[in-house]
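Welcome! Have a look at the model below, and then let's ask how a few of its descriptions are earned.

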Amino acid sequence: MSYSDQQNVHVVNMRVIGMMCQKNCGTTVHNALLSIPGVTEARATHATSFATVTVDMDKYIEEEGLTTGKDGEEQELQETKIKQKIEEDALDAVECVGFDATVLGPNDILEDIEKAKTMETAPPTSIIEDDFDEKIESSSIVTNSSGKATFQVGGMSCAVCTGRVERALLSVDGVVEASVSLPTSRARVVFEDFSQHILKEGGPEAVKKKVSMLAELCASEVQQGGYNCEIISAIALGLSDTEEDDDGGVTLADNAARMESARKEEMKFWRDLLATACIFTIPLVAIHFSTAKIEHDHNHGPAWFEWVSLILATPVQFGVGKKFYVSAYHSFVNGKVLGMDFLVAMGTTAAYAYSVTIFLLEEVRFETGPGTGHL
């Protein structure tokens, strides 16, 4: 039974990252989705990294003890919130069994995947992403839109990142649709239809200015989330018979060049950090092992090699580690997410803080006079 034949259901399509096989991983994701209240169908496919779950809205509302609005407008708003909750439950279910997931739009994208499977060919990720964007561009939302924008986003490494970027874009007032592609490092948004109102007041230039302003707000919101974001194009729709293409004249070759340039820049950044860390860490390790058997009376304060160790470790902790602190801060402040950056920062800070505390206690003991015993 096709999705269009079902009544009062909500279909959630997801890209699932981390499935290594169908027998174990695919089954695990499938069973996790079946745990959602009101599920009528669930599928997880390792070959295409996709999962879909169909939820009976009436059963979900009943089992979750939710209520719907009384009048039409209130009921529609409540149904939208319930659908969002279903999507959140689906993401939580997949992530709780150890996989990263992000919700995809429109529902019929899986039809193309099923066609590819019947041809015994798994569609490349880039083709899926392009097809997904084309479906969004051809939707009724775009038809009733005043503009759209395309961004180049740097710093995304997994499906969790794409989900955060998408939520950041959707948080901008005026954005009605957003899609993020991890393989191409691109994000695309569709703006609400405000052209008729602005055209009467300020003409086509006012519409273009409004679209540009919204694009800048989107880029700023993504940057606040800890990602690099560059506006590729911001296009006002419906102002002329001939409109620019979606990428503002950026070809696939141009996009490949941008991605390669960004990759090289990122590699250089990490290479420089590694070199800096090695400059300080190699002497630190050498001092540690060469002085490991030296007996030292801690009542006489820290030894010379302990002072040197402190001096060498501090730049690594707060210089090389600055990126992890900044990323962890942005993740928590903007998305209340305690990700891998937070774990790295917390673990290294705990070790550094403990060592400095012991060091200071030795110094205090030396300054105030020797006591009994050793630390």
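Q: Which residues are linked with Lys85 in a network of salt bridges?
A: Glu64, Lys85 and Asp89 form that network. This is a predicted model, where local features need pLDDT of at least 70, side-chain atom pairs count only at pLDDT 80 or more, and totals for chains, interfaces and linings use all residues. Residues are numbered from 1 along each chain as its sequence is written, and side-chain values use heavy atoms, leaving out hydrogens and water.

Q: What makes the contact of lysine 85 and aspartate 89 a salt bridge?
A: A salt bridge needs a side-chain nitrogen of Lys or Arg within 4 Å of a carboxyl oxygen of Asp or Glu. Here the N to O distance is 3.5 Å, so the pair meets the rule.

Q: Why is lysine 85 called partly exposed?
A: Buried means under 20% relative accessible area, exposed over 50%, and partly exposed in between (1.4 Å probe, protein chains only). Lysine 85 has 29%, so the label is partly exposed.

Q: How do you know that the span of helix 9 agrees with what is expected?
A: Helices are DSSP runs of H or I with at least four residues, numbered from the N terminus. The expected span is 1.5 Å times one less than the number of residues. For the 21 residues of helix 9 (residues 204-224) that gives 30 Å, and the end C-alpha atoms are 30 Å apart, so the two agree.

Key. Helix = DSSP H or I, 4+ residues; strand = E, 2+ residues; numbered from the N terminus.
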